[in-house]
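Let's take a walk through this protein chain, one region at a time. Keep the viewer open as you read.

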Amino acid sequence: MANVNRVQNGEASAFIGEHTCSVSTADQSQQSLGPAAKSSDPGMNLSQKQSVTIFQKGECSIAGLLIHSTNEKMSIYQAKVKGLLQPGTAMMLLEAQAATGFIIDPVTEQKLSVDDALQEGIIGTDVYDKLVSAEKGAVGYKDPYTGDLISLFEALKKDLVVRSHGIRLLEAQIATGGIIDPFSGQHISVDAAYQRGIFDEEMNKLLSDPSDDTRGFFDPNTQENLSYLELKQRCVTDPKTGLCLLIVTDKVVKGIQLHIDEKIKAVFKKTLVSLKFGRFRGREATLWEIINSEYFTADQTKEFVGKVKTGECTIETIITNVTTTIEQTERKKKGVMFHGLRQKVSAQQLLDSNIINENLFQKLDKGLTTAEEVLQLQSVNRYLKGTCSIAGVLVESTNEKMSIYRAMKKNLLMPGTALILLEAQAATGFLIDPVMNAKYTVDEAVNEKLVSADLRKKLLSAERAVTGYKDPYTGNVISLFQALKKDLIVKDHGIRLLEAQIATGGIIDPVNSHRLPVDVAYQRGMFDQKMNEILSDPSDDTKGFFDPNTKDNLTYLQLMERCVMEPETGLCLLCLRDLRYIDNQTIIAFQKATISIKKGKFERRTMSIWECLNSDYITDIKRREIVQQFTSKKLTIEQIITIIINTIEEREHRTQTNITVDGFRKKISLTELLKSEIIDSQTFEEVQTGNLTVTNLLKRSSVQKYLEGDSSIAGVLVESTNEKMSIYQAMKKNLLMPGTALIL
């Protein structure tokens with residue numbers, strides 16, 4: 001079987017610059033080892049993925065190589081056969097695969113047992129016996145004294161496994177999700193492993209502070225001994241499969257040996273650099289690793305080292321040079337760019353995240369469509385910009401619009417309620433001024449006095465859900481969910497911010513500066529099934545937001561549903577109502593009675609009368625009238641239900657028929673735009689349901705062209721004086737003949 005595959009259309013070289021492998025640590029939750037199989041369809045229902053493999057949750061072992069010069073993906077064994085990896089290096093990587101669950105073919109995406117891998121031709125008979133031995137790290141060893149099944153750690157303690165070999169396999173397990181319990185077939189956390197006697201404090205300390213004794217893996221690019229975790233951090237993720245691949249540079253392929261003074265090499269190894277571009281983005285890398293990467297030739301590496309050795313250049317100058325080179329290389333690769341939440345986002349990044357498809361990517365690449373046109377697609381816009389968080393409040397009695405902070409200062413919101421809403425804004429992208437319809441980072445908002453300086457620290461902490469958290473163990477930039485898993489933030493606080501992100505467009509990838517589809521978030525280790533279940537079935541523990549009108553604790557999504565959407569701006573505003581005239585007995589009666597809603601934004605929902613009365617479907621006058629008639633026994637609960645249903649249906653009918661836009665001389669209905677084929681049925685539906693605002697619709701060039709037309713010849717420009725004037729003025733100055741001017 002051929003285990004080499006050329007990535008089409010330069011995909012590999014494009015994704016090298018964007019994706020490093022997600023790396024797990026020992027404190028992660030249990031992950032089931034699924035049966036050996038090809039990866040499942042990313043579109044399947046997430047609740048069905050109970051036997052998903054490690055790699056589908058970003059826990060893949062090093063699956064193979066990516067040859068930089070040819071864009072080929074290659075299995076570890078095939079790389080050994082072709083002489084790209086030394087036999088010892090290849091064996092260690094294959095043993096790590098076997099000990100963490102499967103032998104992997106990165107070309108076919110198969111994950112197989114050692115026996116099946118031999119049958120499929122993914123490995124040869126020369127490595128079979130050693131891999132069967134390593135596989136026991138996942139399936140268990142037989143205790144020769146008792147006949148019992150024991151774990152890798154227990155076998156190590158009983159001297160059934162060579163110490164250096166066992167430590168290497170154990171470290172690979174921890175780096176890919178946790179120690180494997182052979183009885184349950186699961187990766188388990190360090191704490192659980194302690195309790196089950198398959199790990200101890202001494203071994204944890206040994207692996208937490210790797211020395212030369214525990215650095216059992218080899219980087220062929222830099223010629224360094226590394227731990228499995230360190231080597232995995234240097235890999236890239238194949239955006240199509242999620243597999244972790246070790247890049248092999250031209251220097252390795254050509255067998256170029258660099259003889260460099262050890263003292264100079266040590267200086268480069270000790271120098272840490274943080275880059276904002278390419279595959280090193282989001283983590284610290286040594287200068288040695290960077291100059292030995294695919295960005296630089298062997299001659300360039302020699303030149304860098306030589307100039308430092310002779311004193312011609314300082315280390316700081318080398319850092320500047322490599323940073324510039326990598327930035328320029330990445331900018332050339334990126335092509336069409338979009339504005340992300342904090343950084344530019346390439347079309348390649350959107351393709352890798354399944355936000356655009358291959359067909360649309362090719363159109364962008366060939367200039368057949370523009371970034372502006374792609375941004376008009378709701379499916380793209382929601383991941384780049386998200387949908388609006390709760391932007392401010394609307395005081396029902398005065399129809400006054402104001403920011404969250406101002407509402408707090410006016411005692412319309414409790415400080416705790418206001419802070420939580422502001423934190424949700426910060427964690428979903430920006431703090432919002434609903435009056436000016438402006439968005440700001442936290443520091444910008446403080447400078448603009450949208451919020452006070454005393455809130456800055458807490459809001460900056462929430463904003464890290466967008467910009468990323470720094471992993472104190474690796475120095476890498478990690479997401480909100482990953483920070484939550486590592487206990488870097490308080491659980492209920494993290495869940496509240498995560499839920500706000502999901503409610504406003506999707507989980508934010510801070511490294512790539514955009515939101516992610518759920519299946520991609522799973523793949524990148526930024527979400528998991530357990531958290532999905534927690535947020536899908538909200539309890540009091542996860543209802544972290546407060547409705548000041550009804551005094552209910554709600555999820556962010558539930559609170560957003562109770563807000564009103566401002567049609568001109570699309571902003572989501574929390575309506576503040578004066579409900580002091582309603583007694584508790586009436587409120588309880590309204591809370592107990594439910595209605596099945598068949599139309600509008602609450603379609604197919606069962607809600608209480610109390611919720612409906614506090615929605616934007618019922619005006620303050622109507623609400624007061626219903627309450628007064630109910631308390632005076634002129635209306636029954638059943639009659640109120642009928643009134644509410646009729647009110648919602650009438651409102652929805654009016655909304656659908658009354659949406660208009662400005663034409664040349666008069667208003668034009670949305671229906672007329674549809675009939676004239678200026679918009680399609682999907683756009684019509686998006687506007688009606690509120691998913692697309694009229695303002696954003698009118699920004700589309702395809703709509704503007706028909707409503708406003710392209711500019712006619714507006715006037716004249718006198719070349720000699722650079723003077724601009726109207727057609728009529730030009731005629732009066734004899735610069736245009738009367739007939740010409742009249743025609744114009």
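What follows goes from the overall picture and its confidence to the cores, then to a few strands, a helix and two single residues.

## The overall picture

Bear in mind that this is a predicted model. The protein chain has 744 residues, and 53% of them are buried. Its secondary structure adds up to 38 helices and 36 strands. If you take the contacts between residues at least 6 apart in sequence, 60% of them join residues at least 24 apart.

## How far to trust it

The average pLDDT for the protein chain is 84, and 87% of the residues score at least 70. Residues 1-18 are another matter: pLDDT there is below 50, although the stretch has 65 contacts in the model beyond near neighbours in sequence. Residues 24-58 also stay under 50, and here the model has 96 contacts beyond four places in sequence. Where pLDDT is low, the predicted coordinates should not be read in detail.

## Two nonpolar cores

The largest nonpolar core takes in 66 residues, and I390, L421, L431, V451 and Y556 have the most contacts inside it. Helix α21, residues 415-427, gives this core its largest share, with 7 residues. Apart from this core lies another one of 64 residues, including A98, L156, L170 and F199.

Which residues does Y556 touch, leaving aside its neighbours within four places in sequence? The list runs S389, I390, L421, A424, E499, A500, A503, T504 and F545.

## A four-stranded open sheet

One open sheet has 4 strands in the order β20-β19-β30-β29, and the pairing is mixed. The edges belong to β20 (400-402) and β29 (564-565); each has a single partner strand, so one side of each is left without a neighbour in the sheet. On the β29 side, the pairing with β30 (residues 572-576) is antiparallel and covers 2 bridges. If you want a spot to zoom in on, V564 has L573 in β30 as its bridge partner.

## S403, just after β20

S403 sits in the loop between β20 and α20 (404-409). Is S403 buried or exposed? Its relative accessibility is 8%, and anything under 20% counts as buried, so S403 is buried. The side chain of S403 comes to 3.1 Å from the backbone nitrogen of R406. Setting aside neighbours within four places in sequence, S403 is also in contact with G392, I432, P434 and L450.

## Strand β3 and its partners

β3 (residues 62-67) is mostly covered, with 6 of its 6 residues buried. With β14 (residues 244-248), β3 pairs in the parallel sense over 5 bridges, and I67 has V248 in β14 as its bridge partner.

β3 also pairs with β4 (residues 72-75), this time antiparallel, through 4 bridges. Here G64 stands opposite S75. The hairpin made by β3 and β4 has 4 residues between the strands, and N71 takes a positive phi near 60°.

## D219 in β11

D219 belongs to strand β11 (residues 217-219). D219 is buried as well, at a relative accessible area of 2%. A polar atom of the D219 side chain lies 2.8 Å from the backbone nitrogen of N221. Not counting residues up to four places away in sequence, D219 touches E224, L226, L231 and R234. From D219 to I247 it is 28 residues in sequence and 9.8 Å in space, C-alpha to C-alpha.

## Helix α27 and its covered face

In α27 (residues 529-536), the buried residues are Q529, M531, N532 and L535. Why do they line one face of the helix? Seen down the axis of α27, the buried residues fall within an arc of 160°, so they line one face. As background, an α-helix has 3.6 residues a turn, so residues three or four places apart point the same way.

The cover over the buried residues of α27 includes α24 (480-485), α25 (491-503) and α26 (518-523). At the N-terminal end, D528 acts as the cap of α27, with a side-chain oxygen 3.3 Å from the backbone nitrogen of K530.

Methods: Residues are numbered from 1 along each chain as its sequence is written. This is a predicted model: local features need pLDDT of at least 70, side-chain atom pairs count only at pLDDT 80 or more; totals for chains, interfaces and linings use all residues. Side-chain values use heavy atoms; hydrogens and water are left out. A nonpolar core is a set of buried Ala, Val, Leu, Ile, Met, Phe, Trp, Tyr and Cys residues joined through side-chain atoms within 4.5 Å. Buried means under 20% relative accessible area, exposed over 50%, partly exposed in between (1.4 Å probe, protein chains only). Contact means heavy atoms within 4.5 Å. Two strands pair if DSSP finds at least two bridges between them. A polar contact is a pair of N or O atoms within 3.5 Å; within protein, one must be able to donate a hydrogen and the other to accept it, and residues adjacent in sequence count only if both atoms are side-chain atoms. The arc is that of the directions from the helix axis to the C-beta atoms. pLDDT is the predictor's confidence in each residue, from 0 to 100.
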